[in-house]
Amino acid sequence: MMDKIKNKLEKEGKFWIAFVGDSITSTEWVHPNWREIVEYVLKEELQKVFTDYRIPSWGIRCFNHGYDGATTKDILEKITNNQISMTNLDLVIMMMGGNDSVLGVSGEEHGKNIKTIAKSLAEKNIDLVYSTDSKPWNEKIAGVYGKYVEIDRNLNLESVKFINLFEEFDKFPKERIFTFISEEIAVVGLKKGDVDFLHPNQLGNAYIAKTILREVFGVDFDPEKYIKTTLSGEKYPQY
């Protein structure tokens with residue numbers, strides 16, 4: 001993928017990425033989030049290739065199409081109605097699915113929605129990476145969502161890079177990742193003041209970025225080092 005980005009920047013001066021999904025994609029409630037980290041690292045890595053920093057810095061553009069609480073049905077409707085623009089995109093990183101299991105979208109519809117989105121992007125020659133949401137630190141919710149992850153695993157979509165973030169999360173230090181206090185999310189039983197077992201903090205987002213950077217772009221990334229140097233006030237955090 002890095003060679004593809006390099007070639008596109010050389011030929012057209014642009015490489016546009018859209019992040020599409022639910023609250024784990026929007027991440028507007030935490031900074032730095034995994035989207036920001038991925039964009040930062042890509043530009044840093046490509047600056048090693050180009051003598052003119054402006055080529056990757058100006059050419060790589062990232063767009064946030066994450067909607068808190070969205071299901072795959074909601075995202076499909078927004079794409080169909082052009083509320084999520086796919087014009088001039090080169091890559092879509094789509095992360096969602098967790099809300100389907102608690103908001104009435106059946107497993108069958110979940111699979112159909114993802115297939116339909118994947119087909120529409122393939123027709124536009126847009127590369128698609130599809131990742132499951134992170135695994136909730138709550139066995140009851142994780143168990144319900146896990147059935148949907150099995151559907152994702154068996155979709156076998158051509159030309160789609162699939163990342164099972166649900167399983168990857170078992171490798172992460174969950175006790176240090178889920179530290180936010182909930183404002184209340186009744187649909188999953190979270191009351192105000194509870195530890196939010198759905199939404200990972202800054203370190204958790206750095207671990208998500210690690211997975212995306214490794215699986216999609218082949219870039220090594222140390223989330224612990226990145227967060228440490230970020231908190232120390234470095235303008236350009238190390239990774």
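**View 1. Glu-139 sits in helix α7.** Helices here are DSSP runs of H or I with at least four residues, strands are runs of E with at least two, and both are numbered from the N terminus. Glu-139 has 61% relative accessibility, so it counts as exposed (over 50%; buried is under 20%, partly exposed is in between, with a 1.4 Å probe and protein chains only). Take Val-129 as a second landmark: 10 residues separate it from Glu-139 along the chain, and their C-alpha atoms are 27 Å apart. This is a predicted model, where local features need pLDDT of at least 70, side-chain atom pairs need 80 or more, and totals for chains, interfaces and linings take in all residues. Numbering runs from 1 along each chain as its sequence is written, and side-chain values use heavy atoms, leaving out hydrogens and water.

**View 2. The largest pocket holds about 390 Å³ of space.** A pocket is an open set of points on a 1 Å grid over the protein atoms alone, where a 1.4 Å probe fits and protein lies on both sides within 12 Å along at least five of seven lines. Points are joined across faces, edges and corners, and the volume is the space filled by probe spheres set on them. Lining residues, those with an atom within 4 Å of a point, number 25 here, and Ser-23, Asn-99, Ile-185, Leu-198 and His-199 are nearest the centre. Helices α2 (23–26) and α7 (139–153) are the elements that each give two or more residues to this lining. Sorted by class, there are 13 nonpolar, seven polar and five charged residues. For that tally, Ala, Val, Leu, Ile, Met, Phe, Trp, Tyr, Cys and Pro are nonpolar, Asp, Glu, Lys and Arg are charged, and the others, Gly among them, are polar.

**View 3. Thr-132 lies in the loop between β4 (127–131) and α7.** With 0% relative accessibility, Thr-132 counts as buried. A polar atom of its side chain is 3.0 Å from the backbone nitrogen of Leu-165. That pair is a polar contact: N or O atoms within 3.5 Å, one able to donate a hydrogen and the other to accept it within protein, with sequence neighbours counted only if both atoms are side-chain atoms. Leaving aside residues up to four places away in sequence, Thr-132 touches (heavy atoms within 4.5 Å) a set of residues that includes Met-95, Met-96, Tyr-145, Val-149, Phe-162 and Leu-165.

**View 4. Helix α3 (34–47) follows a loop with a cis proline in it.** The cis peptide bond runs from His-31 to Pro-32, with omega near 0°, and Pro-32 belongs to the loop between α2 and α3. At the start of α3, an Asn-33 side-chain oxygen comes within 3.1 Å of the backbone nitrogen of Arg-35. The 14 residues of α3 reach 20 Å from first C-alpha to last, close to the 20 Å expected at 1.5 Å times one less than the number of residues. Since 10 of those 14 are buried, α3 is largely enclosed by the rest of the structure. Among the buried ones are Trp-34, Ile-37, Tyr-40 and Leu-46, but also Arg-35, Lys-43 and Glu-45.

**View 5. Helix α10 (residues 202–217) is capped by Asn-201 at its N-terminal end.** The cap is a side-chain oxygen 3.1 Å from the backbone nitrogen of Leu-203. End to end, the C-alpha atoms of α10 are 21 Å apart, in agreement with the 22 Å its 16 residues should span. Of those 16, 12 are buried, so the rest of the structure largely encloses the helix. Leu-203, Tyr-207, Thr-211 and Phe-217 are among them. Just past α10, Gly-218 takes a positive phi of about 65°.

**View 6. Helix α11 (residues 223–231) has Pro-223, Tyr-226, Ile-227 and Thr-229 as its buried residues.** The cover over them includes α3 and α10. Asp-222 caps the N-terminal end, with a side-chain oxygen 3.0 Å from the backbone nitrogen of Glu-224. After α11 comes Gly-233, with a positive phi near 95°.

**View 7. Asn-88 and Glu-184 have positive phi values although neither is a glycine.** Asn-88, at about 65°, is in the loop between α5 (72–80) and β3 (91–95). Its relative accessibility is 48%, so Asn-88 counts as partly exposed. Glu-184, at about 110°, is in the loop between α9 (174–177) and α10. Glu-184 is also partly exposed, with a relative accessible area of 47%.
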